[in-house]
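User: I'd like to learn how to read a structure like this one. Could you walk me through some features, one at a time?

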Amino acid sequence: MSNQEALKIQGLRFFYPTLEGRREWVVNVESLSVARGEQLLLTARSGKGKSTLMQLIAGLIEPVEGSVSVAGQVVHAMRGPARDGFRGGHIGMIFQTFNLLPGFSALENVMAAMMFSSIPRGEHTARAGALLTKLGITDPAQTPEEQSVGMQQRVAVARALACDPVLVLADEPTASLDPDNAAAAMDLIQSACQEKNAALLCVSHDPGMRARFVPPIGRVCSLDELAGSQRKIE
């Protein structure tokens, strides 16, 4: 695998069993690769497996078939602390609801992302503070409850980039934002990833997002385009 390839998926499939015993693929991706610095928008309707795909890439759930490689490492070949450590050092995650720790300061929320990384603990405070300042957070002591939605988004982006990831996963990052904040959030996410030369994989059902992912560094495709054969599940 090229050193420039941040993400490579081959034959990735996953299903959730139903109460009726039926089993249908929720994720069915034959092949996908994303290069360092590239920004890819994956589109699909709600409930079509976008968030499940993100969890598979991050190694939060196990696939039924196939493989996911990040920076040349097969994610699901690792177990327990090894996978957690790899995720912390190589994958940044931005959620539609931010998932910031309530009651913890902006600084502490960003520092939490470095807990499983190889970054020396003595550097965590300065590193988190510098990143928050760069992203426009002037009071790192504020908790999420004291911040506007836009400020919470900036903290979430800072947390995702804290460990200089090779891949950033953005799961419907503007779904809970008004149009002005949504535009500002995507400007922030895309520019920050570009500056870090991190690959960005964003999933959304918002048709307005397509105009943001244009060549030379952006592209758009649907989950349907990536699907493998619709064979029955044994």
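User: Let's start with the helices. Which residues in α5 meet which residues in α6?

Analyst: Keep in mind that this is a predicted model. For a helix pair, list the residues on each side of the contact. Here α5 brings Gly 150, Gln 153, Arg 154, Val 157 and Leu 161. Across from them, α6 brings Asn 181, Ala 185, Leu 188, Ile 189, Ala 192, Cys 193 and Lys 196. Sorted by type, the residues of this contact are seven nonpolar, three polar and two charged.

User: And how do I read the way the two helices are set against each other? At what angle do the axes of α5 and α6 cross?

Analyst: Look at the angle between the axes; under 35 degrees counts as roughly parallel. The axes of α5 and α6 (residues 179-196) cross at roughly 20° and come within 10 Å. That's why α5 and α6 are roughly parallel to each other. As for handedness, the crossing of α5 past α6 is right-handed.

User: Now the pockets. What volume does the largest pocket have, and which residues lie nearest its centre?

Analyst: With a pocket, take the volume, then the lining. The largest pocket holds about 500 Å³ of space. Its lining is made of 20 residues, and Arg 87, Met 93, Ala 112, Ala 113 and Arg 159 are nearest the centre.

User: Which elements supply that lining, and which gives the largest share?

Analyst: At least two lining residues come from each of α2 (80-90), β6 (91-95), α3 (106-112) and α5 (149-161). The largest share belongs to β6, with four residues. By type, the lining of the largest pocket has 13 nonpolar, four polar and three charged residues.

User: How does the second largest pocket read, going through the same steps?

Analyst: Its volume is about 410 Å³. It's lined by 16 residues, with Val 26, Ala 44, Lys 48, Leu 223 and Asp 224 closest to the centre. Both β2 (25-35) and α7 (223-226) supply at least two residues of that lining, and β2 gives the most, with five. The lining of the second largest pocket splits into seven nonpolar, six polar and three charged residues.

User: Last thing, the backbone. Which residues does a cis peptide bond join?

Analyst: For this you check omega. Pro 215 and Pro 216 are joined by a cis peptide bond, with omega about 15°. Pro 216 sits in the loop between β8 (199-204) and β9 (218-222).

User: And where is Asn 99 found, and what is its phi?

Analyst: Asn 99 is in the loop between β6 and α3. Its phi is near 55°, a positive value in a residue other than glycine.

How values were computed. Residues numbered from 1 in each chain as written. Predicted model: local features only at pLDDT ≥ 70, side-chain atom pairs only at ≥ 80, totals over all residues. Heavy atoms only, no water. 1 Å grid on protein atoms, 1.4 Å probe; cavity = no way out; pocket = protein on both sides within 12 Å on 5 of 7 lines; lining within 4 Å. Points joined across faces, edges and corners; volume = space filled by probe spheres on them. Nonpolar A, V, L, I, M, F, W, Y, C, P; charged D, E, K, R; others polar. Axes fitted to C-alpha atoms, helices over the stretch in contact; angles between N-to-C directions. Parallel < 35°, antiparallel > 145°, perpendicular 65-115°, else oblique. Left-handed = near helix turned anticlockwise from the far one by under 90°. Contact = heavy atoms within 4.5 Å.
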